[in-house]
Amino acid sequence: RSKRVKDARTEAQKEIEDYRKRKEEEFKKFEKEHSSGNKKAEEDAAKDAEQQVNAIKASGEKSGQKVVDDLLRVVTDVRPEVPDRVAAPPKA
């Protein structure tokens with residue numbers, strides 16, 4: 001009787017190990033299939049980001065000096081104005 005119990009335990013342990021190996025292989029296969037898609041997506045995103053950065057740099061080089069000139073002109077050319085919400089002083 002004890003021999004049958006021992007054999008049953010050994011057989012159960014073997015089945016558990018076989019099941020574990022099979023599931024680990026399935027997981028590795030699944031992981032391999034799905035992780036390669038992430039790498040492709042990362043590469044595509046990096047290419048797209050690089051193109052956008054280059055476009056922004058080109059735009060900055062093209063009109064950057066005009067923006068700086070306009071900003072300096074507005075800052076140095078002061079024209080004080082009374083806001084509309086402030087009442088004008090009464091004329092005497």
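**A walk along a helical chain**

Let's start with one residue: Glu26 has a relative accessibility of 41%, which counts as partly exposed. This value, like the others below, comes from a predicted model. The partner of Glu26 is Lys23, and the side chains of the two meet in a salt bridge, with 3.4 Å from N to O. That distance satisfies the rule because a salt bridge needs a side-chain nitrogen of Lys or Arg within 4 Å of a carboxyl oxygen of Asp or Glu. Lys23 is also partly exposed, at 37% relative accessibility. Both residues belong to helix H1, where a spacing of 3 residues puts about one helical turn between Lys23 and Glu26.

Now step back to the whole chain. Its secondary structure amounts to 1 helix and 0 strands, and that helix, H1, covers residues 2-76. How far does the C-alpha trace of the chain span along its principal axes? The spans are about 120 × 40 × 15 Å. The radius of gyration is 37 Å, whereas a compact globule of 92 residues would have one near 12 Å.

Pairs of C-alpha atoms give you a feel for these dimensions. Ala8 is part of helix H1, and its C-alpha atom is separated by 93 Å from that of Thr76, 68 residues away along the chain. On a shorter stretch, the C-alpha atoms of Ile56 and Lys66 are 15 Å apart, with their positions 10 residues apart in the chain. Ile56, too, sits in helix H1.

What about burial? Of the 92 residues in the chain, buried ones make up 0%. Ile56 has a relative accessible area of 61%, so this residue is exposed, the cut-off being over 50%. Ala8, at 46% relative accessibility, falls in the partly exposed class. For the chain as a whole, the exposed area is about 9,500 Å², and carbon and sulfur atoms supply 55% of it.

Charge is the next thing to look at. The chain carries 23 positive and 21 negative charges, and the mean positions of the two sets lie 8 Å apart. How many salt bridges does the rule give? The count comes to 6 salt bridges, including the one between Lys23 and Glu26.

Another of these pairs lies toward the start of helix H1: Lys3 bridges to Asp7, and their closest N and O atoms are 3.8 Å apart. Here the spacing in the helix is 4 residues, again about one turn. Which of these two partners is exposed, and which partly exposed? Lys3 is exposed, with 59% relative accessible area, while Asp7 is partly exposed at 42%.

Further along helix H1, Arg73 forms a salt bridge with Asp70, and the closest N and O atoms are 3.6 Å apart. The two residues are 3 residues apart in helix H1, or about one turn. Asp70 has a relative accessible area of 27%, so this residue counts as partly exposed rather than buried, a class that needs under 20%. Which residues join Asp70 in a network of salt bridges? Lys66 and Arg73 do: the three residues are linked in one network. You have already met Lys66 as the partner of Ile56 in the 15 Å C-alpha separation.

How values were computed. Residues are numbered from 1 along each chain as its sequence is written. This is a predicted model: local features need pLDDT of at least 70, side-chain atom pairs count only at pLDDT 80 or more; totals for chains, interfaces and linings use all residues. Side-chain values use heavy atoms; hydrogens and water are left out. The radius of gyration is taken over C-alpha atoms; the globule rule is 2.2 Å times the number of residues to the power 0.38. Buried means under 20% relative accessible area, exposed over 50%, partly exposed in between (1.4 Å probe, protein chains only). Accessible areas come from the Shrake-Rupley method with a 1.4 Å probe; for residues, only the protein chains shown count as cover. Lys and Arg count as positive and Asp and Glu as negative; His and the chain ends are not counted. The place of a charge is taken as NZ of Lys, CZ of Arg, CG of Asp or CD of Glu.
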